[in-house]
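User: I am new to this structure and would like a close look at a single part of it, with the surroundings explained as needed.

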Amino acid sequence: MQIELSTPLSIAQLAKLRAGDNVAISGTIYTARDAAHKRMAELLQAGQPLPFALQGSCIYYAGPSPAKPGGVIGAIGPTTAGRMDATTPLLLQHGLAAMIGKGARSPEVLAAMQQAGAVYFGFIGGAAALAAAHVTASKIIAWEDLGSEAVRELTVQNLPVTVLADTVGGDLYKSGPAAYLASRKK
Amino acid sequence: MREIDVQHITDAVANMCIQANQYLPPDVQTTLHAAQRAEHWPLATRTLAQINMNLAQAADKQLPICQDTGMACVFIELGQDVHLTGGNLDDAVNEGVRRGYTEGYLRKSVVQDPIRRGNTGDNTPALLTVHIVPGQQVNITVAPKGFGSENMSRIAMLKPAQGREGVVDFVLETVRLAGPNPCPPIVLGVGIGGSFDKVALLAKQALLRPLNQPSQTPYYAQLEAELLEKVNQLGIGPAGYGGKTTALDVAIETMPTHIAGLPVAVNVSCHATRRASVVL
Ligand code: SF4
């Protein structure tokens, strides 16, 4: 079963999700990785506005390969989310509602997510051409100097993701393998 | 003595950088499809189906399979009866990488200095390994390597007394520590023996062997099978979401070593295990 969600994401919708749920996301999401996170944190600390409104937003940890002439976007799979852990709690405090990435998060991030009612989604690492097929529009909205790491506003259609960490402490990287192993013992 | 203009090497490398990033080798594709049929855990089946759909999309749209189009690992077996003309080999290979990554719209992921960073802008330099072999052919393999999985690779200087069991434990520990990070299902290249430097190269070379082609030494073919089975009992599964298919294959390469040592290296590769080869 697949749950369909559209942006902006509401806290009430996110609260119903559980680790392992399959979700299709449609609407507007923003790419940001290491360098953009550093700059966003600096702006927030200085009390300045960000390139996009954080409230209810969804960040995709991704830096695409170059688009071909006439193409919407290059290959755009997720990067390892853990590298953004240090700045994530600050973004969550300012309204960030969801993240899409791959890899485990720190206990601090998981705790901050529960407090904010935010969800961490996984897109399959390396499935970058599949992700590109779900992107219908893309534009750079900030920090073009960062190249592949610039902040992009993406319009996505039914991007297939899986809930990795939910608002009640569920963590698929723990529960998924454990449930599989338990199923083999029966 | 056969003469080969290095321009041919540049052309071949450029081509293979693009090919390898858009199409997985047939052996890897076949293994991924077989894994999808063999999985019965629903989330794992779905994940493998998406990984296979990704391959179809990449081929259809001529997009890279993964946005991390890697560092270009280039292996050349140079026949000793070949005379290369028209320039030097290093430059020719780097020019090939430069062209392939630019013309193929591949991501440039190389920094000039490991600490001070700074993108080189064209994905050069290549990581070039040359072996001189008998004959008058040039064998070139390009294996783009992403760092999500490279970063999970490990090396250990075990004590000889730790033996086979020590090797098995170290490989399993490496996979457990890596968890979901190297984009499972993974492929493991294991080097055993030699010295600190040679064992790492052995592990990388093990990744060049087509999947499901066991070691020619029955003892190590058996160890490969044992490791694959044990890794796939860890439950990490595709993307780390749980399931049977944590690894697609384990390949071991070995060489003689010192009486006092047992070096082991595990080079972790992802489901996007890319390589392309050509003979000149
Ligand atoms: S580990 Fe492999 S599949 Fe995953 S992001 Fe890196 S290159 Fe891509």
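How many residues does the contact between the two chains take from chain B, and how many from chain A? Please go on from there to the helix that gives the most to the side of chain B that touches chain A.

Analyst: This is a predicted model, in which local features need pLDDT of at least 70 and side-chain atom pairs count only at pLDDT 80 or more, while totals for chains, interfaces and linings use all residues. Residues are numbered from 1 along each chain as its sequence is written, and chains are lettered from A and ligands numbered from 1 in the order in which they are written.

The contact takes 36 residues from chain B and 36 residues from chain A; two residues are in contact if their C-beta atoms, placed from the backbone, lie within 7 Å. On the chain B side, helix H3 (residues 42–61) gives the most, with ten residues. Helices (H or I, at least four residues) and strands (E, at least two) are DSSP runs, numbered from the N terminus. The chain B side as a whole divides into 18 nonpolar, 15 polar and three charged residues. Here Ala, Val, Leu, Ile, Met, Phe, Trp, Tyr, Cys and Pro count as nonpolar, Asp, Glu, Lys and Arg as charged, and the others, Gly among them, as polar.

H3(B) has 20 residues, which at 1.5 Å a residue should span 28 Å (1.5 Å times one less than the number of residues). The C-alpha atoms at its ends are 28 Å apart, which agrees. Many positions can be named as buried (20 or more other C-beta atoms within 10 Å of the residue's own; 12 or fewer is exposed, in between is partly exposed). Among them are Leu43(B), Leu48(B), Ile51(B), Leu55(B) and Ala58(B), and also Arg46(B), Gln50(B) and Asn54(B). The buried residues of H3(B) pack against parts of both chains. In chain A these are strand S2 (22–31), helix H5 (128–133), strand S7 (151–165) and helix H6 (172–185). In chain B they are helix H1 (6–22) and helix H2 (26–38). Just after H3(B), Gln62(B) takes a positive phi of about 50°.

The ligand also lies between chains A and B. It is surrounded by 14 residues (C-beta atom, placed from the backbone, within 6 Å), the closest being Gly126(A), Gly146(B), Gly148(B), Cys183(B) and Cys270(B). By class, this shell has five nonpolar, eight polar and one charged residues.

Chain B is divided into domain 1 (2–20 + 65–145) and domain 2 (148–273), with bounds from an automatic or database domain assignment. Their C-alpha centres lie 26 Å apart, and the contact between them takes nine residues from domain 1 and seven residues from domain 2. Strand S5 (138–145) of chain B gives the most to the domain 1 side, with three residues. The ligand shell draws at least three residues from each of these two domains.

As for the whole of chain B, its secondary structure comes to eight helices and ten strands. Buried residues make up 50% of its 280 residues. Its C-alpha trace spans about 55 × 50 × 40 Å along the principal axes. Among its contacts with a separation of 6 or more, residues 24 or more positions apart account for 81%.
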